[in-house]
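Student: I'd like a close look at one part of this model, namely its interior. Please take me through what packs against what, residue by residue, and tell me how far to trust it.

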Amino acid sequence: MIKFVHLPTDGLRSKSWEEFAKPEAPKMDFVFTVCDNAAQELCPIWPGQPMTAHWGVPDPAALKGTSEQIERAFRDAYLILERRLSLFLSLPLASLEKLAIQNEINRIGVS
């Protein structure tokens, strides 16, 4: 559990994109990749062709250091993603053209 946000993480896990390629997988409108090295990887073609953007964040689980450094890395990753999701959720999606939405979600990933 990340101590400072008090969100339970039991049962949560990183998932392979292959889980979302199955016929019974949920339909997705947006896909955001977050692993720091995913930008160099070949991205799959997602079923249903959702809009995609890479929002790379350094992997806090890969950090070697003191417990304080590791906790800080998790906090930093959380805060970066929270900010980006907040920006995404504030977009007026209903009034934007698809290209404008794509440009905005790409821009959010570098902010």
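Tutor: Let's start with the ground rules and the overall layout, then work through the interior.

This is a predicted model, so to speak of local features we ask for pLDDT of at least 70, and side-chain atom pairs count only at pLDDT 80 or more, while totals for chains, interfaces and linings use all residues. Numbering starts from 1 along each chain as its sequence is written, and side-chain values use heavy atoms, with hydrogens and water left out.

On trust: pLDDT is the predictor's confidence in each residue, from 0 to 100. The chain has a mean of 87, with 90% of its residues at 70 or more. Confidence is lowest in β1, at a mean of 88, and highest in α2, at 96.

Now the layout. The chain has two helices and two strands, in the order β-β-α-α from the N terminus. Those are DSSP runs numbered from the N terminus: helices are H or I with at least four residues, strands E with at least two. The C-alpha atoms fill a box of roughly 45 × 30 × 30 Å along the principal axes. Buried residues (under 20% relative accessible area; exposed is over 50%, partly exposed in between, with a 1.4 Å probe and protein chains only) make up 20% of the 111 residues.

The strands first. β1 and β2 run parallel and are joined by five bridges; at least two DSSP bridges are needed for strands to pair. Within that pairing, valine 31 sits opposite threonine 52 of β2. β2 has seven residues and five of them are buried, so the rest of the structure largely encloses this strand.

That brings us to the core. The largest nonpolar core has eight residues: Met51, Ala53, Trp55, Phe88, Leu91, Ile101, Ile105 and Ile108. β2 and α2 each supply at least two residues of it. A core here is a set of buried Ala, Val, Leu, Ile, Met, Phe, Trp, Tyr and Cys residues joined through side-chain atoms within 4.5 Å.

Isoleucine 105 is a good place to stand and look around. Setting aside neighbours within four places in sequence, isoleucine 105 is in contact (heavy atoms within 4.5 Å) with Phe30, Phe32, Met51, Thr52, Ala53, Trp55, Phe88 and Leu91. Phenylalanine 32, from strand β1, also has Ala53, Trp55 and Phe88 among its contacts, again leaving out neighbours within four places. The C-alpha atoms of phenylalanine 32 and tryptophan 55 are 6.2 Å apart, although 23 residues separate the two along the chain. Still, phenylalanine 32 counts as partly exposed because its relative accessibility is 23%.

Next, helix α1, which spans residues 67-89. Its 23 residues reach 32 Å from first C-alpha to last, close to the 33 Å expected at 1.5 Å a residue, where the expected span is 1.5 Å times one less than the number of residues. The buried residues of α1 are Ala73, Ala77, Arg84 and Phe88, and what covers them includes β1 (30-35), β2 (51-57) and α2 (98-108). Isoleucine 80, on the same helix, is partly exposed at 32% relative accessible area.

Arginine 84 deserves a pause. With a relative accessibility of 7%, arginine 84 counts as buried. Not counting residues up to four places away, arginine 84 touches Trp55, Gly56, Val57, Ile108, Gly109 and Ser111. A polar atom of the arginine 84 side chain also lies 3.4 Å from the backbone oxygen of isoleucine 108.

Finally, the connecting stretches. Leucine 93, in the loop between α1 and α2, touches Phe30, Phe88 and Ile101, not counting residues up to four places away. Leucine 93 is partly exposed, with a relative accessible area of 30%. For contrast, glutamine 49 in the loop between β1 and β2 is exposed at 65%. Glutamine 49 also has a positive phi of about 50 degrees although it is not a glycine.

Terms used
Polar contact = N/O pair within 3.5 Å; in protein donor to acceptor, adjacent residues only side chain to side chain.
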